[in-house]
Amino acid sequence: MRRTHRAAVAAVLFGFTLAAVPIVAVAGSGSGSVTNQLIRRLNRQLLYLAVPIAVLVEVILLYTVWRFRSDRNGGEEPRPTRENRQLEITWTIATAIVLLFVGTASFHALAHPAVSTLPDGPHGGQEPGGAPEGAVEVNVTTEQWEYTFEYLDEDVTTDDELVLPANRPVYLYVTSEDVIHSVHVPGLGLKQDAVPGETHLIRTEPTETGEYRLYCAELCGEGHPEMLSTVRVVDEDGYESWLTERADGDAASDSDDESGTESTDGSDNESTDRVGGGP
Ligand SMILES: [Cu+2]
């Protein structure tokens, strides 16, 4: 019994040693954004803890079944263990350490402004225009069954894709014109309901250029499966030139509308270039 106890303690210690292995935050390895990095790192940290515990429990269970099988003691019932203070102290402390680890790791991710955005917090309020200098602010308006992206301070509005610069803070102010929709970008770790009459902030910072699928994750009517869009993350130069191109295109189409003529070839080509990959 003494040996069993030592083995159990050794296994618990082994589990914690594994969990304490420095967990390297693999920044930029397919994470897409700061938000996604935080979520993935928390998932990894919890796995480091959960896998050794699951293995330990299974090993103890199998050992118990084998060690106390009925034909081993000539059919006699094994005597139950009562009042093992050392064992009780061990599992109480081990549980406390596990909960402390889970709580600390979760708080580190959940309290980060790129994961939870507090109204009137130190990183900017819920209202458009509340972001600090250098941040990109976009009003994301949803309606059955499309998204409209309005870039604050840029005089640019799009409905085909959301273009964002890499490595700059991004503030998306999400609202709805009709029913509840959702802005869900799994590749960037973003998800936020769009509620009529309310504005909810998504705060993040894309870290990798590329195209990411944007879904509506809230059943919002018959057109819901088609409510898709694209988030395209580009470098700073690409972003600036896209804004300029887009602002010029909008101005050109406005003046065309005013003069009553058809769109020019230039603006047509531009719109086909901008559209990301199909569903
Ligand atoms: Cu929907």
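The following exercises, with worked solutions, concern a predicted model of a protein chain.

**Exercise 1.** Determine which parts of the model call for caution, using pLDDT.

*Solution.* Begin with the whole chain: the average pLDDT is 80, and 76% of the residues score at least 70. Next, locate stretches with low values. Over residues 20-28 pLDDT stays under 50, and the model has 10 contacts beyond four places in sequence for them. Residues 260-279 also have a pLDDT below 50, with 21 contacts beyond near neighbours in sequence. Finally, apply the general rule: where pLDDT is low, the predicted coordinates should not be read in detail.

**Exercise 2.** Describe the overall make-up of the chain and the spans that UniProt lists as "transmembrane region".

*Solution.* First, the secondary structure consists of five helices and 10 strands. Second, of the 279 residues, 22% are buried. Third, among contacts with a separation of 6 or more, 68% join residues 24 or more positions apart. Turning to the record, an unreviewed UniProt entry gives residues 46-66 and 87-110 as "transmembrane region". In the model, residues 46-66 are 100% helix, with end C-alpha atoms 30 Å apart. Residues 87-110 are likewise 100% helix, and their end C-alpha atoms lie 34 Å apart.

**Exercise 3.** Identify the residues with the most contacts inside the largest nonpolar core, and the strand that gives the most to this core.

*Solution.* The largest nonpolar core has 26 residues, and Val 140, Leu 172, Val 183 and Val 231 have the most contacts inside it. Strand E5, residues 170-176, gives the most to this core, with five residues. Now examine Val 140: leaving out residues up to four places away in sequence, its contacts are Tyr 147, Phe 149, Leu 172, Tyr 173, Val 174 and Val 183. Apart from the largest core lies another core of five residues, including Val 34, Leu 38, Ala 105 and Ala 114.

**Exercise 4.** Locate the cis peptide bond at Trp 145 and the positive phi values at Asp 155 and Asn 167, and classify the exposure of the latter two residues.

*Solution.* Start with the peptide bond from Gln 144 to Trp 145, which is cis, with omega near 0°. Trp 145 belongs to the loop between strand E1 (136-143) and strand E2 (146-151). Proceed to Asp 155, a non-glycine residue with a positive phi of about 60°, in the loop between E2 and strand E3 (156-158). Asp 155 has 12 other C-beta atoms within 10 Å, so it is exposed. Lastly, Asn 167, also not a glycine, has a positive phi near 60° and sits in the loop between strand E4 (161-165) and E5. With 13 other C-beta atoms within 10 Å, Asn 167 is therefore partly exposed.

Conventions. Residues numbered from 1 in each chain as written. Predicted model: local features only at pLDDT ≥ 70, side-chain atom pairs only at ≥ 80, totals over all residues. Core = buried A, V, L, I, M, F, W, Y, C linked by C-beta atoms within 7 Å. Buried ≥ 20, exposed ≤ 12 C-beta atoms within 10 Å, placed from the backbone. Helix = DSSP H or I, 4+ residues; strand = E, 2+ residues; numbered from the N terminus. Contact = placed C-beta atoms within 7 Å. UniProt positions renumbered as here; feature names shortened; annotations may be inferred. pLDDT = per-residue confidence, 0-100.
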